[in-house]
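User: I am new to this structure and would like a close look at one part, the surroundings of the ligand. Please describe them carefully, and then place them in the chain as a whole.

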Amino acid sequence: MSTPMFQRVALIGLGLIASSISHVMRREGLAGHIAGHARSSETRKTAADIGLVDSIHETPEEAVRGADLVILCVPVGAFGPLAAQISAHLAEGAILTDVGSVKGHIIEQVTPHVPDGVHFIPGHPVAGTEQSGPESGFAELFDGRWCILTPLKGADQAAVAKLEAFWKACGSSVDIMTAEHHDLVLAVVSHLPHLIAYNIVGTAADLEEVTKSEVIKYSAAGFRDFTRIAASDPVMWRDVFLTNKEAVLEMLGRFNEDLTALQRAIRRGEGDALFDWFTRTREIRRSIIDAGQDEAVPDFGRRGDPTGSS
Ligand code: NAP
């Protein structure tokens, strides 16, 4: 058997992303031993019952001891206290990384606690679902998806290359960029769409003229596609909006301007403007399919009425 890339990997937080990493590490034989820690005893018990990792630890300090790769997989708002807690227990030469959806805030919170000789390389696998918890992970989550690394100035290049090789072995392609650029890009492709979905689902739920049962009954007309995103973890998304405030507000400003333009086109009966706009957006969907980031099956592959439109 070939030597695993890392002797001991510590996963801190055992939700969707950590459990998917554990499954893919086993699939690819990337870790000699996988140690895990989650905050609550319920999650630790579930993880133990399903054999998610090789050892479960009551504290993050115990889990990281002796690990040559530590991956922090907790909500973005939890990084500061966690980094302070594990700091003195990290092994010399270890790579410390994370999977958080916002990079600037995490770097601010974690960097002061990184001891000399430990390589902190922030990361973000751009892959996920609306599920959470230790039972929601699957080994294929990262296949064909992108993982973004945002190393700090002066980062150890050998450590960056090793983490890049790790994510590639997990099935991902890897991009490297600054944390600031990451936070702006993700505000457009992830954070704003989630905010819009949370908003539209909330609006429909609050309507008085149309009953809730009608909203649910006729949801295949479009509404239900927003509900998948709006079912995402409330803690994770609360933290994302609180910690990527500036970029999200900037993108929200642009979104509002464009929405006003569409509103005006509808009011003035400017059919050509609407047609051009919708033609452009349809092309974006085609580009996503061409780039292998989604499949061309109608209605996202659901069975039944393939049009899903009205
Ligand atoms: P999740 O399924 O909700 O799991 C979160 C885990 O973190 C749980 O094991 C939880 O433990 C633990 N945790 C929560 N608060 C904690 C605290 N204060 N201290 C220690 N542990 C704590 O979340 P996830 O979807 O895997 O997300 C984890 C990270 O990945 C987040 O930073 C998120 O931004 C990022 N991410 C998510 C996605 C996605 O689509 N979900 C995609 C890419 C990146 P308990 O269960 O015991 O509370």
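Analyst: Sorted by class, the shell around the ligand consists of 13 nonpolar, eleven polar and two charged residues. The model in which this shell is seen is a predicted one. In total, 26 residues surround the ligand, and the closest of them are Arg39, Ser40, Thr43, Val74 and Ser101.

Two of these closest residues, together with an isoleucine, can be followed down to single pairs of atoms. In the case of arginine 39, an N or O atom of the side chain is 2.7 Å from an oxygen atom of the ligand. Threonine 43 also takes part through its side chain, where a polar atom lies 2.6 Å from a ligand oxygen atom. For isoleucine 17 the atom concerned belongs to the backbone, since a backbone N or O atom of this residue lies 2.9 Å from an oxygen atom of the ligand. As for the ligand itself, it exposes 900 Å² when taken alone, and the protein buries 85% of that area. Turning to the elements behind this shell, those that give two or more residues to it are the helix α1, covering residues 16-28, and the strand β7, covering residues 123-126.

The chain that holds this site has twelve helices and nine strands. Its C-alpha atoms fill a box of roughly 65 × 40 × 35 Å, when the box is taken along the principal axes. A compact globule with 310 residues would have a radius of gyration near 19 Å, and the protein chain has 21 Å, which agrees. Among contacts with a separation of 6 or more, 74% are accounted for by residues 24 or more positions apart. Buried residues make up 40% of the 310 residues, while the accessible surface of the protein chain comes to about 16800 Å², with 54% of it belonging to carbon and sulfur atoms.

One further residue gives a detailed example of a buried position in this chain. Aspartate 299 is found in the segment that follows α12, the helix of residues 271-290. Aspartate 299 counts as buried because its relative accessible area is 14%, and the cut-off for that class is under 20%. The side chain of aspartate 299 is joined to the side chain of arginine 224 by a polar contact of 2.8 Å.

Technical notes. Residues numbered from 1 in each chain as written. Predicted model: local features only at pLDDT ≥ 70, side-chain atom pairs only at ≥ 80, totals over all residues. Heavy atoms only, no water. Near = heavy atom within 4 Å. Polar contact = N/O pair within 3.5 Å; in protein donor to acceptor, adjacent residues only side chain to side chain. Areas by Shrake-Rupley, 256 points an atom, 1.4 Å probe, with all protein chains shown as cover. Helix = DSSP H or I, 4+ residues; strand = E, 2+ residues; numbered from the N terminus. Nonpolar A, V, L, I, M, F, W, Y, C, P; charged D, E, K, R; others polar. Rg over C-alpha atoms; globule rule 2.2 N^0.38 Å. Buried < 20%, exposed > 50% of the residue type's maximum accessible area, 1.4 Å probe, protein only. Contact = heavy atoms within 4.5 Å.
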